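Thanks for coming, everyone. Please bring the structure up on your screens. I will keep this brisk.

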Amino acid sequence: MADPAGCCRPCATCLLCLYSCQWVTAKKEKKKGLKTTKCDCSWFLFLFGVFLFTLVWLYFAIIILNDFHNFNEFIFKKRKVWLDWSLVLLIATAVLITYSAVLLVLALCLQLCGQPLKLHWLHKTLLVLTAVVVAAAFTGLGIKWAEEWRSARISLQATGPFLHIGVVGGMTLLAWPLASFIYRTRNTGLKVFLLVVYCTVMIALYLAPLGITSPCIMEENQLPPKPALVGHRGAPMLAPENTLMSLYKAVECDVQVFETDVMVSADGVPFLMHDEELTRTTNVQDVFPKRAALNSTAFNWTELQQLDAGSWFLERRPFPTVRNLSAGDRDQATKQRIPSLEQALEAAKQSNISIMFDLRPENHSDYQSFVNATLEVILKSGIPLQQVLWLPDGFRDQVKQQAPDIQQVYGRKRLQNEKEPLLHVNLPYQDMSSEEIRQYRQDNISVNLYVVNQPWLFSVLWCSGVSSVTTNACQVLKEMKHPMWLLPSSTYLMIWIVVDCASFLAILWAFLLLK
């Protein structure tokens, strides 16, 4: 078989060497009469499938970065070792997608050069291993982190129009090696099968925009106001979480609400702490090594004040932003102590922001006394009660009676026969669709969704009309003056027609040119 025009023998030899792991020149290959067998075609299809499988996983890996800090905290609770596992995930995914992509490009180039697709057994083994690893990753995601499937559904509202353009472009480029293969093969049945499959896929892609919906496909004058920002434990990317420094950093980010978690010490002092144990965010293992595994509520206030609640932030670097802290911020972080609720309320009052909190642990035998102690501190603090957002469900009626001006925030959707209408709801962002957000907005129900860190997610919720979002990345979302993208429906329709027509013409040109 003669070399096709534009494919020199040294290039073909290099491609064969990389794909087959054998230094066989194109001339020797031609003398040997090597051809692409059905088995070789099967391995090429497997390679193509592995590439697509890994590409889908790459998409998921990027999407779940929004929630990966929760995964890091989960692993720390189990193993007591802190590591930013998102880096491990991205590096491993990048290696797998690069490997399969390079092999696929080599195979397509070999096809265009008219060379046999003799995949080496080492590549076959690594491809199978790649498929197994990605399948295991998807399985683990489904078992341990099932809510991320709903995150992927939301992400399609942000990326759907652009994924459509990308997939159409990729399938259009595939027309060149496909046309080359069809004109070379003598198997009529295979030709018809490939053409039918390819045409079916392309028709489906051309019509895909009919099923793509996104809240950001709207006119500019229909865009709802920008959601207010709620600082998740303050500004945890800029300061140690649940500290006064974190609260003040959140204020600098223009947050309207400081979200935190409250526990009550053994001697009845409410204080800020998220974890049931103190090991992640304090040096309790150094100060009280024999009691480090105890519940946070087992320590009295005097003991809690002995703990360093800031140095861990510099040592473990829970977020990449820690590396960019100024010397002054680093020094201030090392001086942080566990704040009491009284101190946090005073800081919130001075900064004129609201404070929203959960009271933990909910299953504690003295939970009612925790509620009483917390309510007493709030009433004595002098903060306007309208600035206090109460999340705990336990003994909520008692709180309403003693402090009716406190804003009640519910961690559930409204019920059909709701006796008292909900005014504020606080839910994971995966739990509400764009349609529900719009309906709640029309009914004057304030919707806060958590935890929203990535601009793409913030953009989708902004377009949907959410009232506020709880975020770790207030310094990022603060700078957003507009959603990442906003397309009028007429503009989107024009883009759709142009992309599909350009793709059709490019495919037609490929088949006519290579004939």
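I will go through the domains, the record annotations, the nonpolar cores and the salt bridges. One caution before that: this is a predicted model.

Start with the layout. The chain is divided into two domains by the assignment used here. Domain 1 comes in pieces: 10–18, 37–214 and 493–514. Domain 2 is one stretch, 228–478. Their centres, taken over C-alpha atoms, are 41 Å apart.

Now the record. UniProt, in an unreviewed entry, lists "domain: GP-PDE" at residues 227–481. In the model that span is 34% helix and 16% strand. Its end C-alpha atoms lie 11 Å apart.

UniProt also gives the feature "transmembrane region", again from an unreviewed entry. The ranges are 41–65, 85–113, 125–143, 163–183, 192–212 and 493–514. I checked two of these for you. Residues 41–65 are 92% helix and 0% strand, with end C-alpha atoms 36 Å apart. Residues 192–212 are 76% helix, also with 0% strand. There the end C-alpha atoms are 30 Å apart.

Next, the interface. How many residues of domain 1 are in contact with domain 2? The count is 19, and they meet 22 residues of domain 2. The area buried between the two domains is about 1900 Å². Carbon and sulfur atoms give 53% of that. On the domain 1 side, look at N66, W82 and I154. Together they supply 30% of the area that domain 1 buries against domain 2, more than any other three residues. Charge takes part too: there are 4 salt bridges between domain 1 and domain 2.

On to the cores. The largest nonpolar core has 42 residues. Which of its members touch the most others? They are L449, F458, L461 and V469. Seen by element, helices α3 (38–63), α7 (147–173), α18 (434–442), α19 (455–464) and α20 (474–477) each supply at least two residues of this core. Strands β7 (424–428) and β8 (446–450) do so as well. Helix α19 gives the most, with 7 residues. This core also draws on both sides of the domain boundary: at least three of its residues come from domain 1 and at least three from domain 2.

Take F458 as a viewpoint. Set aside its neighbours within four places in sequence. F458 is then in contact with K226, P227, L229, V452, V469, L477 and M480. V469 is thus a contact of F458, and V469 is also among the core members that touch the most others.

There is another core, apart from the largest one. It has 34 residues, including L16, L104, A131 and I507.

Last topic: salt bridges. The whole structure has 21. I will show three.

First, D40 and K118. The closest N and O atoms are 2.8 Å apart. D40 sits in helix α3. K118 is in the loop between α5 (85–112) and α6 (121–144), 78 residues away in the chain. Is D40 buried or exposed? D40 is buried, because its relative accessible area is 8% and the cut-off is under 20%. K118 is partly exposed, at 26%.

Second, R233 and E73. The N to O distance in this salt bridge is 2.8 Å. R233 lies in the loop between β1 (228–232) and α10 (244–252). E73 lies in helix α4, residues 68–79. The two are 160 residues apart. R233 counts as buried, at 4% relative accessibility. E73 counts as buried too, also at 4%. This pair belongs to a wider set: E73, R233, E241, D275 and R280 are linked in a network of salt bridges.

Third, R337 and D308. Here the N to O distance is 4.0 Å. R337 is in the loop between α14 (327–334) and α15 (341–351). D308 is in the loop between α12 (301–304) and α13 (311–316). The separation is 29 residues. R337 is partly exposed, with a relative accessible area of 35%. D308 is buried, at 14%.

To close, go back to the domain boundary on your screens. Two things to look at there: the 4 salt bridges between the domains, and the largest core, which draws at least three residues from each domain. Thank you.

Methods:
Residues are numbered from 1 along each chain as its sequence is written. This is a predicted model: local features need pLDDT of at least 70, side-chain atom pairs count only at pLDDT 80 or more; totals for chains, interfaces and linings use all residues. Side-chain values use heavy atoms; hydrogens and water are left out. A nonpolar core is a set of buried Ala, Val, Leu, Ile, Met, Phe, Trp, Tyr and Cys residues joined through side-chain atoms within 4.5 Å. Buried means under 20% relative accessible area, exposed over 50%, partly exposed in between (1.4 Å probe, protein chains only). Helices (H or I, at least four residues) and strands (E, at least two) are DSSP runs, numbered from the N terminus. Domain bounds come from an automatic or database domain assignment. Contact means heavy atoms within 4.5 Å. UniProt positions are given in the numbering used here, feature names are shortened, and annotations may be inferred rather than shown by experiment. Buried area is the accessible area (1.4 Å probe) that two parts lose on being put together, summed over both. A salt bridge is a side-chain nitrogen of Lys or Arg within 4 Å of a carboxyl oxygen of Asp or Glu.
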